[in-house]
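Hi,

Here is the structure I promised to pass on. Please open it alongside this email, and my notes follow below.

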Amino acid sequence: MFQTESLWFLPLFLYAETHYRFPYFFSLLRKNEPEIIADAPHRIEPGSPLPILILIKDAHLFPCELEQVRTELSQDGRVVCRDTHLTSPLMLGEKYASFTLPIDVSEYHDWIEIDVAFSVRVRGVLREYHNDNHRFSSRDPLRVFLSSHPLPRFPDLYLGDPHVHSTYTEDQVEFGSPLPESQVLARAMGLSFICVTDHSYDLDDRLDNYLENDANLPKWKLLQTEIDQLNEAHPDCVVIRGEEVTCRNSRGKNVHLLLLGQRDFVRGSGDSAERELQIESEYSIAEVIALRSETGVAYAAHAMEPVPFLQRLLLGRSEWLHEDFGVADLSGLQIVNGKVDEGLSRGLDSWTRHLLQGRRLNGLAGSDAHGNFNRFRQIGIPFLTIRETTHHIFGKMRTGVFVRDAFDETSVLRSLKEGKSILTDGPIARIVLRRDISADGQSQFQRKSCHIGIEVISTPEFGRIDSVRLVIGKIGRTREQIALQYHGVAHYEYRTDITLDALSADYARAEVYTLKAGTFDGNPHFCLTNPLWFEYQSQ
């Protein structure tokens with residue numbers, strides 16, 4: 001029933017597919033029943049029902065009967081609502097089954113806990129589970145923040161998550177969430193777009209067997225059809241097609257590239273472990289970008305995150321190298337990947353070095369979520385435990401795009417390509433040139449000074465504004481300069497103008513940080529704008 005010949009090493013820190021058993025290893029996580037998972041957004045917009053995702057995987061191997069789903073809502077340690085949701089049992093025998101339960105939470109605000117109980121009959125035995133049926137997981141209730149304030153907005157700003165995975169990412173140790181349900185939960189969070197970036201080495205698999213490839217690409221074709229249907233049905237939350245392509249960096253090691261807006265499949269299997277002892281990818285970074293479509297956008301995925309030793313050794317994985325960012329038509333790099341950590345600091349340092357060398361690379365913030373709307377469940381090694389964290393949560397790290405014409409897949413891609421975007425986990429900001437704007441939107445100067453406006457918006461959810469910095473860069477210098485730094489704003493909105501020597505800088509960008517006091521999670525929050533480049537014209 002379970003094939004074991006294709007993966008020849010112990011898995012690394014990935015996600016909770018518990019049915020696959022590796023050769024010569026015993027798994028305490030494997031059970032003869034489908035995986036049953038409850039999930040929910042980590043936050044929802046005011047006025048939105050709370051969608052609870054119920055996901056059942058591998059019932060085609062372990063048919064079962066879901067007799068009842070019960071929810072119990074608690075706040076401040078007190079149960080405030082109980083409900084049952086099934087009018088009759090559900091017979092489950094498909095590989096994937098999923099649905100959402102909309103919960104009315106209009107009477108509540110701030111943090112709540114949702115305990116989701118399943119009654120499931122497997123081989124005639126009735127079993128009860130809470131929130132998931134993994135062995136050794138916490139099975140703790142889901143924690144959701146019911147915000148009293150919508151996500152901060154400018155009229156032309158649309159927020160989304162540009163790096164998420166769906167059920168089309170599926171292999172021996174991981175899988176994502178169904179696209180229709182992902183769109184439902186994204187809308188409840190206040191997101192306007194998501195970029196579906198499933199692994200290239202999963203997208204060429206057979207529909208019924210992730211260990212075998214199919215040259216006809218049925219999985220890829222089905223993904224394209226599903227995205228088209230979702231965008232037609234729900235244009236207010238656009239699904240951007242894409243893939244996370246494994247390719248070779250300048251030293252021949254495996255790195256990941258987000259290829260967005262792509263209708264033609266690009267292969268990349270170097271770190272798939274599908275080919276025994278073969279870890280070289282089909283294409284280099286430059287070759288992948290050369291294959292992109294006319295509207296396609298290419299970003300370095302989690303570019304500066306440290307790669308664990310075993311992944312380097314067994315999968316040939318590496319980080320993006322400095323010279324890799326000089327490849328033509330690379331739009332930018334993912335600086336924020338699911339959490340604020342060393343990877344963000346390294347990414348920001350690397351980004352500024354490239355900007356000062358004149359490389360017009362844009363920054364990107366995303367979650368890299370494989371489902372994981374509320375908490376991140378991953379397999380322990382060697383299949384003895386389930387680890388749970390609040391990192392890589394769908395929609396927590398966001399990219400905002402500025403779109404002034406029709407909002408659709410094409411306009412989002414155009415904004416990502418041109419860097420008309422911001423990176424945020426809460427507040428929003430933008431910098432605008434007050435005068436001397438050319439017809440194509442670039443800043444062109446014939447004067448000795450220019451006037452830049454800065455606008456910042458936060459909410460009580462993400463905290464009062466603590467600091468605002470306007471950073472300028474001059475190509476050829478080794479460091480950026482701070483043109484404006486304002487501490488102690490202590491308000492939810494901030495606007496100011498600044499006059500710059502037009503010849504002192506080639507670009508400007510803004511950094512915003514909030515106070516942690518009073519935020520919904522007790523942490524400070526940030527926003528980074530992409531650089532505004534200045535173009536000079538002689539008189």
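Let me start with Ser200, which counts as buried because its relative accessibility is 0%, and buried means under 20%. Please keep in mind that this is a predicted model. Ser200 belongs to helix 2, which covers residues 200–203. What is Ser200 in contact with, once its neighbours within four places in sequence are left aside? The list is Glu243, Glu244, Val245, Thr246, Phe265, Val266, Arg267 and Gly268.

Leu310 makes a nice contrast to look at next. Leu310 sits in helix 5, residues 309–315, and counts as partly exposed because its relative accessibility is 43%. Together with Phe309 and Leu313, Leu310 makes a nonpolar surface patch of about 330 Å².

Then there is a sheet worth finding in your viewer. It is open, has three strands in the order 23-25-28, and its pairing is antiparallel. Why do strand 23 (428–433) and strand 28 (493–501) each have one side without a neighbour in the sheet? Both stand at the edges with a single partner strand each, so one side of each stays free of a neighbour there. On average, neighbouring strands of this sheet are turned by 20° against each other, direction ignored.

For a closer look at the pairing, go to strand 23 and strand 25 (residues 449–457), which run antiparallel and are joined by six bridges. If you want a pair to click on, Ile431 has Ile454 in strand 25 as its bridge partner.

Happy browsing, and best wishes!

Key. Residues are numbered from 1 along each chain as its sequence is written. This is a predicted model: local features need pLDDT of at least 70, side-chain atom pairs count only at pLDDT 80 or more; totals for chains, interfaces and linings use all residues. Side-chain values use heavy atoms; hydrogens and water are left out. Two strands pair if DSSP finds at least two bridges between them. Helices (H or I, at least four residues) and strands (E, at least two) are DSSP runs, numbered from the N terminus. Axes are lines fitted to C-alpha atoms, for helices over the stretch in contact, and angles run from 0 to 180 degrees between N-to-C directions. Patches are made of residues with over 30% relative accessible area and no salt bridge: like charges are joined within 9 Å, nonpolar side chains (Val, Leu, Ile, Met, Phe, Trp, Tyr) within 5 Å. Accessible areas come from the Shrake-Rupley method with a 1.4 Å probe; for residues, only the protein chains shown count as cover. A salt bridge is a side-chain nitrogen of Lys or Arg within 4 Å of a carboxyl oxygen of Asp or Glu. Buried means under 20% relative accessible area, exposed over 50%, partly exposed in between (1.4 Å probe, protein chains only). Contact means heavy atoms within 4.5 Å.
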